[in-house]
Amino acid sequence: MSIVCATDLTEGSRQAAEVAARIAARRGQPLWLVHQIHPDQLRVAAEPVREGLRALLREELQRLEPLGARVESSLLESGSSRALAVFCDAHEARLLVVGTPRDEPAALGSGVSLERIARNCSVPLLRVRDAAPFEAWLGGTRPLRVMFGVDRSHGSEAARRWLTELAADGPLELLAGHVYYAFEQCRRLGLPTPMNLDEVAPRIEEVLHREIAALAATDTGAAPRVHLRMAVGRAADHLVDLAREAEADLLVVGTHPHNVLGNLASVAHHALRLAPMAAAVVPVTPAASRGEAPLPQVRRLLVATDLSPLADEAIPFAFALAPAGSEVHLVTVVPERAGADLHRDLKQRLLERVPRGLDAREVTTRLEVLHGEDVALALVQAAERMDAELLCLGSRGHGGVKEALLGSVARKVLAQSRRPVLVLRPPVR
């Protein structure tokens with residue numbers, strides 16, 4: 001394991017190298033100081049140029065020595081945009097640190113060197129603008145104030161795992177930032193779209209606050225403070241504004257591999273370039289394939305039935321999956337809003353289906369009658385409003401949840417749900 005710092009031997013890179021050296025010293029890992037040069041630059045006076053660059057790298061090593069890290073250097077002669085990524089893989093790097101590139105262009109482009117580094121590397125990339133906050137943090141003077149850009153994606157989960165690793169170096173003050181689009185959230189949650197978006201914002205943010213807090217939670221200490229922003233335009237601009245307003249030392253976002261065109265809309269790409277503070281982008285890795293993915297916490301389950309005997313057989317299995325202290329929402333769907341008498345009758349019928357013996361496990365049961373002509377959409381939207389970690393349905397049934405699973409409703413739920421769906425087939429008798 002090692003840490004790699006890519007340097008262009010400018011003042012910006014010197015700041016980054018100091019941060020990299022302090023983190024390497026804290027972790028007891030070697031630091032590789034790497035300078036990449038294109039072979040075309042060595043066509044004239046190649047050997048003097050090489051010796052001059054190696055001398056500058058030696059000076060950097062001597063400057064960083066008092067910080068306590070074991071530092072080695074490498075002059076990387078390659079024109080490949082993947083050379084640094086290959087170097088990181090070969091040296092089992094856990095972190096790549098960079099500074100502000102020399103002559104950084106003001107305009108956002110799709111082919112700048114910093115973007116290529118982030119796109120090609122499979123390790124977290126930390127861009128440093130000022131070493132002072134990191135020096136204070138690693139020196140124990142104060143926690144590092146981190147704005148974590150959160151959404152329900154593999155990239156966000158990868159960033160959350162990396163923050164747990166970063167917290168081992170020193171205390172973090174974690175802020176969870178989320179940018180949302182009101183119309184998109186109304187569709188997701190099944191809320192009517194009003195003429196004035198300010199009217200619906202409190203209802204949206206009530207759900208989002210709970211959801212984002214759960215997605216951002218780590219084992220690093222206090223629960224993160226959630227910052228929400230209703231957006232119009234590019235999400236990265238608003239996320240950077242949230243980090244600036246919160247006076248964050250570091251903005252952290254997850255990222256997926258993108259092609260060049262995709263990067264034009266990438267939050268990670270723009271955050272990396274726009275953020276006036278340090279920024280880190282964390283790529284998605286196959287954590288589950290390596291056994292490194294954390295066990296998910298199931299706090300809420302949505303269990304659907306159409307009140308038919310076949311669909312009801314799945315209910316005990318769903319409740320058996322509910323961990324101690326969890327919450328189970330047992331629901332059924334009717335095409336139109338039920339009158340008071342029918343609503344009471346349906347809730348009573350749901351109550352009769354709740355398995356006995358749950359008190360000892362402290363499982364809370366909530367009963368709800370949903371309405372909607374599109375049964376699958378009603379279930380998917382209810383799971384979003386409830387922030388359910390698991391949506392459970394039986395594999396056969398008829399009635400309120402018509403054409404139940406695995407019929408057309410099942411296929412629609414599986415296609416539309418952004419949350420895990422479990423189709424339960426009762427044992428054959």
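The protein chain folds into 16 helices and 15 strands. The model is predicted. The protein chain has 429 residues, and 49% of them count as buried. Contacts were also sorted by distance along the sequence. Among contacts with a separation of 6 or more, 77% link residues 24 or more positions apart.

Nonpolar side chains were examined next. In soluble globular proteins, such side chains tend to be buried together. Here the largest nonpolar core holds 56 residues. Leu31, Leu126, Leu163, Leu250 and Val252 have the most contacts inside this core. Another core lies apart from it and has 38 residues. Its members include Leu84, Ile117, Leu125 and Ala231.

Strand β1 spans residues 2-6. Five of its five residues are buried, and the strand is mostly covered. Both of its faces are covered. Ser2, Val4 and Ala6 are buried on one side. Ile3 and Cys5 are buried on the other.

Strand β1 has two pairing partners described here, β4 and β2. Strands of a sheet pair through backbone hydrogen bonds, either parallel or antiparallel. The pairing of β1 with β4 (residues 93-98) is parallel and comprises five bridges. Strand β2 (residues 31-37) also runs parallel to β1, and four bridges join the two. Ile3 illustrates both pairings. It stands opposite Leu95 in β4 and opposite Leu31 in β2. Leu31 is also one of the residues with the most contacts inside the largest nonpolar core. Helix α1 (residues 11-27) belongs with β1 and β2 to a β-α-β unit. The unit is right-handed.

Helix α7 covers residues 182-189 and contains Gln185. Gln185 is buried, with a relative accessible area of 4%. That value is under 20%, so Gln185 counts as buried. Its side chain makes a polar contact of 2.8 Å with the side chain of Arg188. Beyond residues up to four places away in sequence, Gln185 touches Tyr180, Ile204 and Leu208.

Helix α11 (residues 267-274) has eight residues, and six of them are buried. The helix is therefore largely enclosed by the rest of the structure. The buried residues are Ala268, His269, His270, Ala271, Leu272 and Arg273.

Further along the chain, five strands form an open sheet. Their order is β13-β12-β11-β14-β15, and the pairing is parallel. The edge strands are β13 (364-371) and β15 (421-424), each of which pairs on one side only. From one strand to the next, the twist averages 25 degrees. At one edge, β15 runs parallel to β14 (residues 390-394), and four bridges join these strands. Leu422 in β15 is the bridge partner of Cys392.

Two helices were examined against this sheet. Helix α14 (residues 340-352) packs on the sheet and touches β12 (327-334) and β13. The direction of α14 makes about 140 degrees with that of β13. Helix α15 (residues 375-386) lies across β11 (300-304), β12, β13 and β14. Helix α15 runs at about 140 degrees to β13.

Technical notes. Residues numbered from 1 in each chain as written. Predicted model: local features only at pLDDT ≥ 70, side-chain atom pairs only at ≥ 80, totals over all residues. Heavy atoms only, no water. Buried < 20%, exposed > 50% of the residue type's maximum accessible area, 1.4 Å probe, protein only. Polar contact = N/O pair within 3.5 Å; in protein donor to acceptor, adjacent residues only side chain to side chain. Contact = heavy atoms within 4.5 Å. Core = buried A, V, L, I, M, F, W, Y, C linked by side-chain atoms within 4.5 Å. Pairing = 2+ DSSP bridges. Right-handed = clockwise from strand over helix to strand, strands pointing away. Axes fitted to C-alpha atoms, helices over the stretch in contact; angles between N-to-C directions.
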